[in-house]
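Trainee: Please take a close look at the aromatic rings in this predicted model. After that, I would like to hear about the pockets.

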Amino acid sequence: MSTATDRTDLDDVVLAEPDRERLSALLVGQERPPRPSALSASLTFGWRAMLKIKHVPEQLFDVTAFPIMLVLMYTYLFGGALAGSTEEYIQFLLPGIMVMSVVMITMYTGVAVNTDIAKGVFDRFRTLPIWRPAPMVGYLLGDVLRYLLASFVMLTVGMIIGFRPDGGVLGVLAGIALLVVFSFAFSWIWTMFGLMLRSEKSVMGVSMMVIFPLTFLSNVFVDPKTMPGWLQAFVNNSPVTHLATAVRELMAGEWPAADIAWTLGWAGVFLVVFGVVTMRLYNRK
């Protein structure tokens with residue numbers, strides 16, 4: 001039988017009147033599935049980020065091996081010189097180094113966004129009938145697990161080598177919660193860079209240029225009182241300093257209302273400013 005005949009027979013089967021009537025009745029009789037809510041869409045993309053970690057578990061090195069290395073290295077290198085003993089220094093260092101590590105981890109959000117753009121995945125996302133910011137929010141929700149994992153890994157190592165939080169479980173959980181909230185908002189900076197820059201290396205390079213001065217020029221390692229006056233002016237007003245102080249005091253059983261307020265204020269600024277810029281870039285990309 002010829003190809004033309006085959007095609008004609010196929011058309012007769014597919015477009016037969018009874019079949020068309022049944023198909024039409026089925027489509028008309030059924031309602032279209034409801035559009036997913038903003039929360040549902042965001043959680044779905046967050047789960048996608050988790051599945052990527054499942055298939056590439058090496059991504060967890062930066063929230064496991066890297067934090068352990070930082071805690072041990074800075075404690076035993078500088079503890080004796082700065083505080084007289086590692087046991088005393090770890091009480092000051094651990095909350096600060098936890099802040100530094102988690103804030104540094106946030107830059108990988110921008111790298112992941114840039115990678116998906118290069119692969120063309122975001123072109124598919126924009127065609128879906130979903131809340132527009134859902135892919136971005138999903139990335140950040142997925143990274144929240146990374147922040148929590150890094151925090152608890154560092155806390156465990158610190159407890160092993162002598163860290164004792166006077167604030168107990170509630171103080172520790174409050175400090176980690178504040179750190180996660182700030183990191184979630186801070187990550188919007190890197191989503192913006194992920195959309196603006198053309199390659200992963202560019203995102204990494206710019207991120208390092210911002211994060212390193214911001215984290216090292218803070219009270220993570222030492223009390224700012226030992227610094228020159230001009231440097232104290234910057235350090236004392238740094239968002240990382242306010243965050244490190246708040247986390248440190250919460251874990252010590254105190255309630256640093258001013259530093260908590262500053263930290264939440266900075267988080268709100270990052271979320272509003274860079275969140276809006278990110279979504280404008282995303283809609284125009």
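Mentor:

**Aromatic pairs and pockets**

The count in this predicted model comes to 12 aromatic pairs. One of them joins Tyr-74 and Phe-78, whose ring centres are 5.6 Å apart and whose planes stand at 35° to each other, which makes the pair tilted. Tyr-74 and Phe-78 are four residues apart in helix H4, so about one helical turn separates them. The two partners differ in exposure: Tyr-74 is buried, at 11% relative accessible area, whereas Phe-78 is partly exposed, at 35%.

Tyr-74 also pairs with Phe-221, again in a tilted arrangement, with 4.6 Å from centre to centre and 40° between the planes. This pair links distant parts of the chain, because Tyr-74 belongs to helix H4 while Phe-221 sits in the loop between H10 and helix H11 (229–235), 147 residues away. Phe-221 is buried, with a relative accessible area of 12%, and Tyr-74 counts as buried too, since its 11% is under the 20% cut-off.

Elsewhere, ring pairs connect Phe-182, Phe-186, Trp-190, Phe-193, Trp-266, Phe-270 and Phe-274 into a cluster. A charged side chain also meets a ring: Arg-248 lies over the face of Phe-92, 3.8 Å from the ring centre.

Now the pockets. The largest pocket has a volume of about 410 Å³. Its lining consists of 18 residues, and Lys-52, Gln-59, Tyr-108, Val-111 and Ala-112 are the ones nearest the centre. Helix H3 (38–55), helix H6 (107–119) and helix H8 (134–161) each provide at least two lining residues, with H6 giving the most, seven. By class, the lining of the largest pocket holds seven nonpolar, three polar and eight charged residues.

The second largest pocket has a volume of about 170 Å³. It is lined by 13 residues, and nearest its centre are Phe-66, Met-104, Met-107, Met-208 and Phe-212. Helix H4 (61–83), helix H5 (86–105), H6 and helix H10 (200–216) each supply at least two residues of this lining. The lining of the second largest pocket comprises 11 nonpolar residues, one polar and one charged.

Helix H4 thus returns here: it carries Tyr-74 and Phe-78, and it supplies at least two residues to the lining of the second largest pocket. Helix H6 contributes at least two residues to the lining of the largest pocket and at least two to that of the second largest.

Note on methods. Residues numbered from 1 in each chain as written. Predicted model: local features only at pLDDT ≥ 70, side-chain atom pairs only at ≥ 80, totals over all residues. Heavy atoms only, no water. 1 Å grid on protein atoms, 1.4 Å probe; cavity = no way out; pocket = protein on both sides within 12 Å on 5 of 7 lines; lining within 4 Å. Points joined across faces, edges and corners; volume = space filled by probe spheres on them. Nonpolar A, V, L, I, M, F, W, Y, C, P; charged D, E, K, R; others polar. Phe/Tyr/Trp six-rings, centres within 6.5 Å; stacked < 30°, edge-to-face > 60°. Buried < 20%, exposed > 50% of the residue type's maximum accessible area, 1.4 Å probe, protein only. Lys NZ or Arg CZ within 6 Å of the ring centre and 35° of its normal.
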